[in-house]
Amino acid sequence: MATGNTAAQTCTVTGTARPGDGGALKMSAGAAPAIVAATATGGGAGMAGMKWSGWGDEDVRFTAQDKPALGPFLERHLGLDLAHVSTPPARFADLDVPEPTLEPELLAALEQAVGAAHVSIDGLDRVTHARGKSLRDLVRHRRGEIGRVPDVVVRPAGEDEIAAVLSEVLAADAVVIPFGGGTNISGSLEVPDDESRTVISLDLGRLDRVLEIDEASRLARVQSGVFGPRLEQQLNARGWTLGHFPDSFTHSTLGGWIATRSSGMQSDKYGDVADLTRGLRVVTPAGMLAVRPVPATSTGPSVREMVLGSEGRLGIITEATVHVHRLPEQRTILGYLFPDWSAGLAAMRDIAASEAAPSITRVSDAPETLFSFATKKGSSIVDRVKSRALREFLERRRGFDVSAMCLAFIGYEGSEQHVTAQRRLTGRIVGEHGGVCIGRGPGELYDQKKFDTPYIRDYLLDRGALADVSETAAPWSRLTEVYDNVMGAARGRFDALGVKGYVMSHLSHSYHSGACLYFTFAFQPAPGRDGLEDYAAIKAAIQQAFVDCGATLSHHHAVGTEHAPWLEQDVSAPGVTMIRALLHSVDPGANLNPGKIVGAEKPAATTR
């Protein structure tokens, strides 16, 4: 319903198609292991089509015209009239973009560092770089409340230019905020309202090359500004893949993934970005930080881990050395149905404990499953007959209550023999928990459309509804408790505010000891009240339920400013003290993306 892949298998967008996570899925001809230098040249076009007040490409829009069940669903649960655009975004031409606060000497120094063509004080450029894509970011931009925008956007081409820019920033006591794709939803990009110093948005989009591949070690050295599709394009051309596909894949960068500890839909197999990242180069106020790409080390507290999730507060990541894998011979995603949520969770837990090791384990709860079915395109007579036959089979032969059943996707990759063995073992576990396989079709649609889902949020905002996500991770033994408490907290807050709302969830990543639960919620604000105030109350109730149940404040969306109020409850007061001391020691002048991760006030007590 918002930025989670809740119904990606059925989303339709209008406009230019985006590259997916493909490339050829056959391994290239075997060659002797070597360190291969990449030949691709930098493009640096990443931000060209990004909306300033919405998600993704300017010419892409979500449409409900081919989804006959969606209108009645949203009318029933949110009170929305899809035919009426009640809250269109402001026109950029009507915005009052402030003049930049930029001394001529600093402007000249930045132009000297990167070239005048790569220094921009254009209003649209600055506003587009002012915030990320959180709900709060988008609502304010759509209202025309653009806040404190950067004074200048600078686009360096390499480490030397980045070092020169940082040197000028420190000399002028300015602020620099690294910028990848601008998709962060935790407030990690916003300039503090009271920041009076010159603010520079450092767009790393020109650093977009795979520099070399060490085939023997299965490592690739990659510049930090490369967007997901271009990264996979370069790797796939040589028979490799990183295997990292977050929801934001088409619009986010390697450096952004590292700075926010991103996870992708296939992290069950490949690991999240913290697992994938072995070496780093970071321009810091003290010079170049180099973390060598060794497989393991015993060198005290991990500097690599300090950089992971640092959100630009320790320096500017210029490149990373990452694990890569040969493209699999086979790749398939199958759809499954479980009789209820508890059966789906139990199956995913047992699959994680088995030797099956699939690449994707995902199961939606009943509310999300119903939403997914509501976003299905209009079907043919044959499709309707098949759907009726499946429903009758589930109800009469398997005893399903179709209003409680849960849709799941499980992915398999590898050789034909390996995939066959994975499917056999997984199928046995699914069957033990009452689940049934419904074939490749749903999985193929999910795979094709998974990156289109975030466009739905803009569609809802146009019609007056606010939608967002919160995700967490907890041990297997506490997942049901977390789920029940979060659903109760969200629904209780809807009731307390007197608003129509909907909340749903899915398990998105499985681990040895637990899993990630990803919640999506939407509501129509009460008339005469600020929707962002209602949103803050609902979001706070969900986040508080996370930490109250022993779960983390975020599994893969970082801390930023949105989640900072709960950091102490997550890592304890001494943990916050350590983080604060680290950030201050590296950046005593608070010149690097100030105000993120630590510094926010504690949340008010929540009555539940």
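Let's start inside the second largest pocket of this predicted model, and ask what kinds of residues line it. Sorted by class, the lining has 14 nonpolar, 10 polar and 5 charged residues. That lining is built from 29 residues, and those nearest the pocket's centre are R261, L308, G309, V559 and V571. If you want a feel for the space itself, the volume comes to about 770 Å³. Which elements give two or more residues to the lining? They are helix 10 (303-307), helix 19 (567-571) and helix 20 (573-586). Helix 20 makes the largest contribution, with 5 residues.

Now zoom out for a moment. The protein has 20 helices and 21 strands, and its chain runs to 608 residues, of which 57% are buried. "Buried" here means under 20% relative accessible area. How does the chain fold back on itself? Take the contacts with a separation of 6 or more: 80% of them are between residues 24 or more positions apart. So when you trace the structure, keep an eye out for partners from distant parts of the sequence, because that 80% share belongs to pairs at least 24 positions apart.

Helix 1, residues 70-78, is a nice place to see burial in action. Its buried residues are L70, F73, L74 and L78. Why do these four belong together? Looking down the axis of helix 1, you'd find the buried residues within an arc of 90°, so they line one face of the helix. And what sits over them? The cover includes strand 3 (61-62), helix 12 (366-374), helix 16 (455-462), strand 20 (500-510) and strand 21 (514-524). Right after helix 1 comes G79, which has a positive phi, near 70°.

Next, follow the chain along to strand 13, which covers residues 316-323. Is strand 13 mostly covered or mostly open? It is mostly covered, with 7 of its 8 residues buried. Strand 13 also has pairing partners to look at. One is strand 9 (residues 219-223), which runs antiparallel to strand 13 and is joined to it by 5 bridges. In that pairing, V222 stands opposite A320 of strand 13. Another partner is strand 11 (residues 277-284), again antiparallel, with 6 bridges joining it to strand 13. Here you can find V283 opposite I316 of strand 13.

Note on methods
Residues are numbered from 1 along each chain as its sequence is written. This is a predicted model: local features need pLDDT of at least 70, side-chain atom pairs count only at pLDDT 80 or more; totals for chains, interfaces and linings use all residues. Side-chain values use heavy atoms; hydrogens and water are left out. Buried means under 20% relative accessible area, exposed over 50%, partly exposed in between (1.4 Å probe, protein chains only). Helices (H or I, at least four residues) and strands (E, at least two) are DSSP runs, numbered from the N terminus. Two strands pair if DSSP finds at least two bridges between them. On a 1 Å grid over the protein atoms alone, a cavity is a set of points where a 1.4 Å probe fits but cannot get out, and a pocket is an open set with protein on both sides within 12 Å along at least five of seven lines; lining residues have an atom within 4 Å of a point. Grid points are joined across faces, edges and corners, and a volume is the space filled by probe spheres set on the points. Ala, Val, Leu, Ile, Met, Phe, Trp, Tyr, Cys and Pro count as nonpolar, Asp, Glu, Lys and Arg as charged, and the others, Gly among them, as polar. The arc is that of the directions from the helix axis to the C-beta atoms. Contact means heavy atoms within 4.5 Å.
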